[in-house]
Amino acid sequence: MNTLDFSILAQSWPYLWSGLLFSLSLTAAAFVIGMVLGTGLALVQHFEIPVVAQIVRGYVAVIRSIPLILVLFWFFFLVPIVLGHLSGNGRPIPIGATWTAFITFGLFEAAYYSEIIRVGLRAVNKGQFEACQALALSTYDTYRHIVLPQVLRVASPIILSQTIILFQDTSLVYVLSLTDLLGAASKLAQLNGRLVEMYLVVAVTYLAISSAASQCVAALRKRYAVATSR
Amino acid sequence: MPQETVSDAAAAPSIVIVENVMKRFGAFTALNDVNLAVGKGEKIVVCGPSGSGKSTLIRCINHIEKHDGGRIIVDGVELSHRLADINSVRCEVGMVFQSFNLFPHLTVAENCMLAPMKVRGISQVEARDRALGLLRKVRIHDQADKYPAQLSGGQQQRVAIARALCMQPKIMLFDEPTSALDPEMVKEVLDTMVELAREGMTMVCVTHEMGFAREVADRVVFMDRGCIIEQADPETFFRAPRTERAKGFLSQIIH
């Protein structure tokens with residue numbers, strides 16, 4: 001292995017591509033689940049709904065203080081056992097590695113997104129709520145059309161940053177024996193003995209996707225700065 | 001506390017009745033047994049030193065502040081704690097704020113269209129027609145598809161007036177509408193308000209614009225420390241205020 005030899009890419013790219021597709025689809029699914037659930041969790045806390053708000057606060061605190069890899073393990077091994085007990089016959093009901101990954105990432109990201117949105121909700125000017133009241137808008141319309149769109153706009157750079165981290169974290173699915181981009185590259189590297197080339201290709205791919213997303217963050221920040229200046 | 005001077009316009013049936021209203025913020029009494037009746041079509045200017053309760057009074061009329069005691073009846077509906085009553089009152093009462101409070105993520109036209117569509121249930125086409133008509137009235141229709149941040153303060157406040165009018169309210173409340181404006185923009189907003197007054201809108205305005213008060217007010221209400229101290233037609237009030245506190249206040253604002 002004296003010189004770099006990228007010819008191995010010619011035959012291995014379909015496998016890498018399928019790995020990348022898995023990484024991207026896991027990111028997309030976790031983003032959607034995380035945002036929908038996270039918005040719900042943030043609103044529950046924002047409205048101070050008794051008991052539920054405390055439970056949500058506890059959930060967010062716990063999730064945010066343990067590593068994702070641990071949550072993946074727990075979910076993979078414990079949830080089948082719990083489901084088995086609930087179903088009555090006591091035998092574990094396996095939910096499969098792929099489902100585990102999608103559900104766990106969604107639930108995990110929800111905790112992070114909910115914190116971002118909760119802080120955003122507090123930042124909305126009191127006058128916006130008063131204007132909605134004066135116009136007799138219902139609470140639903142107030143949040144649906146006035147408050148949440150502004151929160152998402154203000155928080156969009158932070159949400160996107162969190163999503164870039166999420167994309168990079170998808171490589172942790174190797175613990176479930178799932179093959180994402182990094183997993184695919186790693187297997188090929190072992191197989192062909194071309195570790196440097198494979199890991200370089202993967203690094204460049206992560207770099208390209210993440211920095212493109214970071215450019216979007218910068219553009220959003222700029223656009224938001226223009227929109228609020230008077 | 002007996003009602004003081006009642007002007008000619010107030011002889012018409014009252015559209016807003018404020019009776020023995022109390023409002024406290026913690027230990028601070030913002031409104032102390034306030035009584036006020038506003039006749040249909042009447043224009044009232046509320047003035048007084050800062051902290052006198054004038055903003056709190058008009059914010060109670062559309063229940064943005066909840067009064068602690070007494071009764072408020074707007075267009076025959078008493079403001080209780082029932083949401084249906086509160087919303088039916090808010091539909092009839094438009095409000096313009098000191099800080100405009102336009103929705104920054106919506107265009108000027110969308111700002112005006114949202115509530116009529118969601119609350120009054122009119123179609124998008126009708127809402128846009130109505131919005132453009134009222135934006136024309138406040139002379140800002142050529143900016144309909146811009147965002148609020150692209151407009152000057154005076155233009156934004158005129159949009160806020162149009163937005164309130166789109167709900168076709170019977171009463172308009174103005175909470176220091178010109179206080180946050182640069183001096184050269186005050187006139188364009190006051191002109192709009194004068195025009196509205198000429199068309200017979202019932203108006204309650206908290207303002208220190210005494211020129212406006214002289215021009216359109218049927219009655220000036222002077223408040224201090226949570227009470228209505230004096231009320232009279234503007235000519236009488238400005239020329240011959242009866243109380244020492246009103247005299248002191250006027251000497252401070254008219255140089």
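**Strands of chain B and a pocket shared with chain A**

In strand 10 of chain B, B:Q231 sits opposite B:V221 of strand 9. The model behind this pairing is a predicted one. Strand 9 and strand 10 of chain B run antiparallel and are joined over 5 bridges. Together they form a hairpin with 2 residues between the strands, and B:R225 in the turn takes a positive phi of about 50°.

On another side of the pairing pattern, strand 9 of chain B is linked to strand 3 (residues 43-47) of chain B by 4 bridges, this time in the parallel sense. Here B:V45 faces B:V220 of strand 9. As for burial, 6 of the 6 residues of strand 9 (residues 219-224) of chain B are buried, so the rest of the structure largely encloses this strand. Neither face is left open: B:R219, B:V221 and B:M223 are buried on one side, and B:V220, B:F222 and B:D224 are buried on the other.

Strand 7 of chain B gives a similar story to tell. Because 5 of the 5 residues of strand 7 (residues 171-175) of chain B are buried, this strand is largely enclosed by the rest of the structure. One side carries B:I171, B:L173 and B:D175, the other carries B:M172 and B:F174, and all of these are buried. Strand 7 of chain B pairs with strand 6 of chain B in the parallel sense over 4 bridges, and B:V96 stands opposite B:F174. Strand 7 also pairs with strand 8 (residues 202-206) of chain B, again parallel, over 5 bridges. In that pairing B:I171 is set against B:T202 of strand 8. The two strands and helix 6 (residues 183-198) of chain B make up a right-handed β-α-β unit.

Turning to chain A, helix 5 (residues 126-134) has a set of buried residues made up of A:G127, A:Q128, A:E130, A:A131, A:C132 and A:A134. Both chains help to cover them: the cover includes helix 6 (139-169) of chain A, along with helix 1 (54-61), helix 2 (83-92), strand 6 (93-96) and helix 5 (153-165) of chain B. Strand 6 of chain B thus turns up twice, once in this cover and once as a partner of strand 7. At the N-terminal end, helix 5 of chain A is capped by A:N125, with a side-chain oxygen 2.7 Å from the backbone nitrogen of A:G127. Just past the helix, A:A136 has a positive phi of about 65°.

Helix 5 of chain A also has a part in the second largest pocket, as do helix 6 of chain A and helix 2 of chain B; each gives two or more residues to the lining. The volume of this pocket is about 310 Å³. Its lining comes to 14 residues, and those nearest the centre are A:Q133, A:L137, A:T139, A:T142 and B:R90. Helix 2 of chain B supplies the largest share of the lining, at 4 residues.

Finally, A:F6 lies in the segment that comes before helix 1 (8-46) of chain A. With a relative accessibility of 36%, A:F6 counts as partly exposed, since the partly exposed class runs from 20% to 50%. Beyond its neighbours within four places in sequence, A:F6 is in contact with A:E197, A:L200 and A:V201. The C-alpha atoms of A:F6 and A:S171 are 23 Å apart, with 165 residues separating the two along the chain.

Key: Residues are numbered from 1 along each chain as its sequence is written. Chains are lettered from A and ligands numbered from 1 in the order in which they are written. This is a predicted model: local features need pLDDT of at least 70, side-chain atom pairs count only at pLDDT 80 or more; totals for chains, interfaces and linings use all residues. Side-chain values use heavy atoms; hydrogens and water are left out. Buried means under 20% relative accessible area, exposed over 50%, partly exposed in between (1.4 Å probe, protein chains only). Contact means heavy atoms within 4.5 Å. A polar contact is a pair of N or O atoms within 3.5 Å; within protein, one must be able to donate a hydrogen and the other to accept it, and residues adjacent in sequence count only if both atoms are side-chain atoms. Two strands pair if DSSP finds at least two bridges between them. A crossover is right-handed if, with the strands pointing away from the viewer, the path from the first strand over the helix to the second runs clockwise. On a 1 Å grid over the protein atoms alone, a cavity is a set of points where a 1.4 Å probe fits but cannot get out, and a pocket is an open set with protein on both sides within 12 Å along at least five of seven lines; lining residues have an atom within 4 Å of a point. Grid points are joined across faces, edges and corners, and a volume is the space filled by probe spheres set on the points.
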